[in-house]
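Trainee: Before we discuss any terms, could you put the model in front of us?
Mentor: Here it is, and we can then set each value against its definition.

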Amino acid sequence: MSTIGFVGLGIMGGPMAGHLVQAGHDVTGYDHSPAGVEKLKAAGGNAAGSAAEAVRDKDIVITMLPQDEHVRDVFGTVLEHAAPGTLYIDFSTVTPATSEWTAAEGKKKNLRVLDAPVSGGEPGAVNGTLSIMVGGAEADFDAAEAVFDAVGKTIALVGPNGAGQVVKAANQLVVGGIYALVSEAILLMENLGADAAKGLDVLAGGLAGSKILDLKRKSMLERSFQPGFRIDLHHKDMGIILAAARQAEVSIPMGALTAQLIAAARAMGHGSLDHSALLLVAEALSGKERA
Ligand code: NAD
């Protein structure tokens, strides 16, 4: 069992840190927001008063933060305070460039670095069934096995540092596109006299079936958009995807369109809602907003 410093105890990091405690690790957590730290304490972890305190003298340091700037900021603290040889795992979704940077800077301080973005949403974090796409060296991947097993189910080393983020970008491309199309399907059924609830049940059982239909069709029909995964974060991810496509010199027209729909959701003031709120954009485009 390892000593673990965990920074970023939000929607995803909170339950993930809890699973690590349950697996028998000695977990010390820090978050800007005291609520996350209190929850970890109640779950049997230790509270740190700063990121520096959380990451000092640990076997493993973990971050689960919103965006690149937060990871770069906290990683500065890791570079300063973590012991040489520490295994650093970043579960956040950031640009491949940020993951490559943490690996390069970490190497100078003898830290072992993995990017390990996840998929599976809040239920995956709560149930410990996340999919984890890992970039880094095989020996470091092997050393992280106990951590990954505690929080995830489908776990793969997909290439060198940064490759985990590339696969996560592909994941977000698919997820965003499916939400956009499910939204349009709902609108179509609702406005042509079909029973949309029964219709979506049928879709979920056929070739159009997906995890999104399984988990979100009921809440979407109810127009319940409590996050989950915030539109603001998916907007960030679409930026990562479009930049990656540019770098790879590939054309992703469906991705570009999805990015615009997510940008519209944000511009309409829905940034804090779940990404299934793309349905509100589909409604607005057709003048079908509900009162
Ligand atoms: P969140 O906003 O709920 O949690 C992030 C936490 O980080 C917050 O509690 C915030 O207070 C804390 N934080 C920010 N800056 C900090 C700092 N400098 N020091 C300490 N704490 C700091 O976000 P989330 O939904 O948990 O997402 C985290 C990451 O996981 C994001 O990169 C997101 O894209 C990714 N992700 C989210 C989901 C999901 O469904 N929510 C799914 C897969 C991946």
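**Helix α10 and the second largest pocket**

Mentor: The UniProt record, in an unreviewed entry, places the feature "domain: 3-hydroxyisobutyrate dehydrogenase-like NAD-binding" at residues 162-279, and such annotations may be inferred rather than shown by experiment. This is a predicted model, in which local features need pLDDT of at least 70 and side-chain atom pairs count only at pLDDT 80 or more, while totals for chains, interfaces and linings use all residues. Residues are numbered from 1 along each chain as its sequence is written, and side-chain values use heavy atoms, with hydrogens and water left out.

Trainee: Which residues of helix α10 are called buried?
Mentor: In α10 (residues 196-205) they are Ala 196, Gly 199, Leu 200 and Ala 204, where buried means under 20% relative accessible area and exposed over 50%, with partly exposed in between (1.4 Å probe, protein chains only).

Trainee: Why are they said to line one face of the helix?
Mentor: Seen down the axis of α10, the buried residues fall within an arc of 135 degrees, so they line one face. On the other side, Lys 198, Val 202 and Gly 205 are exposed.

Trainee: What do the buried residues of α10 pack against?
Mentor: They pack against α9 (163-190) and α11 (211-221), contact meaning heavy atoms within 4.5 Å.

Trainee: What makes Asp 195 a cap of α10?
Mentor: At the N-terminal end of α10, a side-chain oxygen of Asp 195 lies 3.1 Å from the backbone nitrogen of Ala 197.

Trainee: Which element gives the most to the lining of the second largest pocket?
Mentor: That is α9, with eight residues, a lining residue being one with an atom within 4 Å of a pocket point.

Definitions and conventions: Helices (H or I, at least four residues) and strands (E, at least two) are DSSP runs, numbered from the N terminus. The arc is that of the directions from the helix axis to the C-beta atoms. A polar contact is a pair of N or O atoms within 3.5 Å; within protein, one must be able to donate a hydrogen and the other to accept it, and residues adjacent in sequence count only if both atoms are side-chain atoms.
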